[in-house]
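Student: Could we go through this structure together? I would like to begin with how far the model can be trusted.

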Amino acid sequence: MLKDHMFEFYFDQMNELVFLAEVKNQHLYYKKMNKAAAKLIRCQGEAGMRLESVLPERVYHSLYPYYMKAMETKKPVIYHDINTFLDEAEAFETTLTPIFDDADNSTHLLVMSKNIQKLKKELAQSMEQYKSLFINHENAICMMDLSGKIVQANPTCEQMFGYDAQEIINSSYRQLLEELKIDARALPFHHIIYDQSYSKEIQAWHKEKGKIYLYVTNVPIIVENEWIGIYLIAQDITKEKTAEIKLENTVKDLANMKYALDESAIVSVLDPYGTIMYVNDMFCTIFGYEKEELIGQSYELFDVSYDPRILESIGQGKVWRGQVKSITKEGVIV
């Protein structure tokens with residue numbers, strides 16, 4: 001059994017509330033409490049105080065079963081409660097540890113209560129921060145459980161897809177893809193569920209505005225090392241994708257124009273100093289040169305009527321049209 005001096009030595013310097021209770025005839029008696037406990041309940045904890053004389057009747061009846069469970073099972077019991085000694089409703093986590101005699105009988109309980117009010121406040125603050133991030137994020141975010149049910153959707157989902165959040169919540173993953181006209185092969189359910197991280201650029205349909213482009217990423221939701229769900233995060237890349245498509249079409253158009261010119265005209269490209277940068281096949285056929293012989297050479301090589309004012313005119317952004325006299329590799333004037 002813990003002697004008074006041992007109790008004081010081990011527990012009086014602790015911030016946690018520590019009580020030593022004795023069990024006699026199904027009644028609990030406080031035998032000792034540390035300084036933190038005595039200060040909190042504003043008494044010195046006289047030896048022999050019965051539990052029901054310290055606690056209000058309602059509180060006593062709510063806590064008594066935990067004490068008896070620890071004694072009967074001979075195992076520690078943990079419970080959470082609200083501090084009943086002060087007006088301020090502070091939350092505590094209490095651990096009841098049975099103490100045995102030489103005959104292995106549970107004769108005493110060591111009661112340790114830890115104030116978790118600060119922890120709860122920090123948790124509440126973190127939850128508020130998360131909630132703010134979730135609600136105000138510029139990307140659409142859906143929370144999905146492992147069965148494929150959408151359990152939450154932020155306001156951006158409404159703007160991005162044109163559907164009310166309530167139309168999205170409680171729908172299934174498959175229903176969501178169908179509503180947004182997303183090809184299920186682009187976002188297979190097994191990839192979303194079984195891959196730790198999966199990203200894909202996809203096409204979808206806004207309820208009213210038509211086709212949109214999205215970059216979708218899934219992020220696992222892990223709580224206490226257990227995978228409980230998935231975040232589906234969608235970034236609207238419609239503007240960027242539309243510009244990319246226009247650029248690709250422009251490049252294709254330029255390629256087609258180049259092909260048409262190469263097939264129908266003599267084409268050469270010069271730098272601002274008159275150096276040949278490119279000639280097409282028809283140019284080489286007419287003048288009898290290989291491309292390698294011309295690239296890097298001055299245009300004066302075959303233009304016998306070369307006029308620097310042509311380059312000056314072009315340098316000013318003006319189109320020049322006119323006749324020129326040129327000479328082939330064999331010396332033929334054309």
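Tutor: Among the elements of the protein chain, β13 has the highest mean pLDDT, 92, and helix α1 (residues 4-11) the lowest, 65. Here pLDDT is the predictor's confidence in each residue, from 0 to 100. Helices (H or I, at least four residues) and strands (E, at least two) are DSSP runs, numbered from the N terminus.

Student: What kind of model is this, and how are residues numbered?

Tutor: This is a predicted model, in which local features need pLDDT of at least 70 and side-chain atom pairs count only at pLDDT 80 or more, while totals for chains, interfaces and linings use all residues. Residues are numbered from 1 along each chain as its sequence is written, and side-chain values use heavy atoms, with hydrogens and water left out.

Student: What is the mean pLDDT of the protein chain?

Tutor: The mean is 81, and 87% of the residues reach 70 or more.

Student: How many helices and strands are there?

Tutor: The protein chain has 13 helices and 13 strands.

Student: And how much of the chain is buried?

Tutor: Of the 334 residues in the protein chain, 37% are buried. Buried means under 20% relative accessible area, exposed means over 50%, and partly exposed is in between (1.4 Å probe, protein chains only).

Student: Which residues of α13 are buried?

Tutor: In helix α13 (residues 308-315), the buried residues are I310, L311 and S313. Seen down the axis of α13, they fall within an arc of 160°, so they line one face of the helix. The arc is that of the directions from the helix axis to the C-beta atoms.

Student: What is on the face turned away from that buried side?

Tutor: That face of α13 carries the exposed residues R309 and G315. The cover over the buried residues of α13 includes β12. Just after α13, G317 takes a positive phi of about 80°.

Student: Let us move to D271. Where is it?

Tutor: D271 is in the loop between β12 (268-270) and β13 (276-279).

Student: Is D271 buried or exposed?

Tutor: D271 counts as buried because its relative accessibility is 19%. Its side chain reaches the backbone nitrogen of Y273 at 2.8 Å. For a polar contact, a pair of N or O atoms must be within 3.5 Å; within protein, one must be able to donate a hydrogen and the other to accept it, and residues adjacent in sequence count only if both atoms are side-chain atoms.

Student: Which residues does N139 contact?

Tutor: Leaving aside its neighbours within four places in sequence, N139 is in contact with N154, T156, M160, I233, A234 and Q235. Contact means heavy atoms within 4.5 Å. N139 is in the loop between α5 (117-136) and β7 (140-145), and N139 is buried, with a relative accessible area of 14%.

Student: A new topic: how many disulfides are found?

Tutor: A search of the whole structure finds zero disulfides. A disulfide is counted when a pair of cysteine sulfur atoms lies within 2.5 Å.

Student: Why is there no bond between C157 and C142?

Tutor: The sulfur of C142 is the closest cysteine sulfur to that of C157, but at 3.7 Å it is too far for a bond. C157 is buried, with a relative accessible area of 0%. C284 is also buried, with a relative accessible area of 12%.
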